[in-house]
Amino acid sequence: MKKLLLLLPLLLTIKANAQDAKKIHFNAILVDTHNDALSNELITGVDLSKRQTIGNLDLVRAKEGGLDVQVFSIWCGGEYGTGRAFKFANREIDSLYALIKRNPGKMVLARNAAEIKAAVAKGQFVGMIGVEGGHMIEDRMDYVDALAKRGMRYLTLTWNNSTSWATSAYDERFHHDSLVKAGHLGLTDYGKQIVHRLNDLGVMVDVSHVGEQTFYDVLATTTKPVIASHSCVYSLDPVQRNLKDDQLKALAKNGGVVFLNFYSGFLDSTYSNKETKFLQEHRAELDSLEKVYHDADLAKIRLNVIHQKESDQIRPPLSLLIKHIDYIVKLIGVDHVGIGSDFDGAESYPQGMDDVSDYPKITEELLKLHYSDVDIDKILGGNFLRVLKANTGK
Ligand SMILES: [Zn+2]
């Protein structure tokens, strides 16, 4: 009994912390800047209004996780060339509009911070549009305008493929010499015009996926704060498209925000080797899944679901995700980090981070590190609202 009495203060503290975490989490406006559910929806035909057993997001689980705002990634691969990419982007936007239409009063599209606040106050789920890959504008300025008109609120200047006006992290890393030879490294004059146009339209410039040269060219060009919608820390996991310390510092100087990607491969430097081994062991099955889905990423996601026990074992701990957030906060301050999970776009996330209903765990972990409620609020969504307002004026 005496022992129990001694334990009581500790038990009460743990309970109070759990209650605090819940209160802080569900009172905050929680924003996730990157999710690929729409791309998958077009392939699998699932209805995101209802609880799903596949994928990381639906409207039911979003509510459970306290998610208020989801920026949906509009994406197609580089193989969708001129004449197809812009059309496909519009088809994905159509599917978001249709999802909103199927949920009247429950879900709305927002274009600025004021609209977000008004919708969240009414308890509505907010969908937003981010276009991932400059190839979808097909080198046409009128297509930038058209996408902005439909609600695009960020344009990721490149995906893994470069455009004629901006080089990607992938190409700058793996095709550096040939880019230099061709005199095309970074942002061209036309690329600078696009950045200016995005600034004028109140569309945030997204530097996730762009190469280092493009990154610095963008910062020298933009008149507004930029974002990295789904990136991690290079010092903790040196993959080509994570941000180096100097890049993070430059981003902070610009007033920008990096939204943390949850993909195991961008968080954990040991993940890639483990994953390669796992994929080799299931090569034949992966090949047949690729034939079913015609999409390598989706095939990998399905393979991980089928062999869940095995794939679970190679997932990094949740603490590593928190470590990336904490690293950014310590390096450039709490005003420059947020959440851009890349849910539905990757095949593996840290332990315990299975879908959008797991976001409260992030708040719990930050509280354990003695983050204040004000700081947690900024990380969960406050920083996004600030950078959006700085771009849209509202
Ligand atoms: Zn991406």
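Aromatic pairs are a good place to start: the count comes to 12 in this structure, which is a predicted model. One of them joins Phe259 and Phe384, and another brings together Phe343 and Tyr349. From there, the tour moves on to charges over rings, a zinc site and a set of paired strands.

**Aromatic rings**

- Phe259 and Phe384 meet edge-to-face, with 6.0 Å centre to centre and 70° between the planes.
- Phe259 belongs to strand β8 (residues 257-260) and Phe384 to helix α19 (residues 373-392), so this pair ties together parts that are 125 residues apart in sequence.
- Are these two rings buried or exposed? Phe259 is buried, and Phe384 is too.
- For Phe343 and Tyr349, the ring centres are 4.7 Å apart and the planes stand at 65°, so this pair is edge-to-face as well.
- Phe343 and Tyr349 are both buried.
- Phe343 and Tyr349 also belong to one aromatic cluster, together with Phe262 and Tyr359.

**Charges over rings**

- Arg84 lies over the face of Tyr80, 4.4 Å from the ring centre.
- Lys244 sits over the face of Tyr234 in turn, at 5.1 Å from the ring centre.

**The zinc site**

- Which residues are the protein donors of the zinc ion? They are Glu132 (through OE), His209 (through NE2) and His230 (also through NE2), lying 1.9 to 2.2 Å from the ion.
- Along the chain, the donors follow the spacing E-x76-H-x20-H.
- Glu132 and His209 link distant parts of the chain, 77 residues apart: Glu132 is in strand β4, while His209 is in the loop between β6 (204-206) and α10 (212-221).
- Both of these donors, Glu132 and His209, are buried.

**Paired strands**

- Strand β2 (residues 67-74) has eight of its eight residues buried, so it is largely enclosed by the rest of the structure.
- Strand β1 (residues 30-35) pairs with β2 in the parallel sense, over four bridges.
- Within this pairing, Leu30 has Leu67 in β2 as its bridge partner.
- Strand β4 (residues 125-132) also runs parallel to β2, and six bridges join the two.
- Here Val71 finds its bridge partner in Met128 of β4.
- Strand β4 therefore appears in two parts of this briefing: β4 is joined to β2 by bridges, and β4 holds the zinc donor Glu132.

Terms used
Residues numbered from 1 in each chain as written. Predicted model: local features only at pLDDT ≥ 70, side-chain atom pairs only at ≥ 80, totals over all residues. Heavy atoms only, no water. Buried < 20%, exposed > 50% of the residue type's maximum accessible area, 1.4 Å probe, protein only. Pairing = 2+ DSSP bridges. Donors = N, O, S within 2.8 Å, 3.2 Å for Na, K, Ca; no water. Phe/Tyr/Trp six-rings, centres within 6.5 Å; stacked < 30°, edge-to-face > 60°. Lys NZ or Arg CZ within 6 Å of the ring centre and 35° of its normal.
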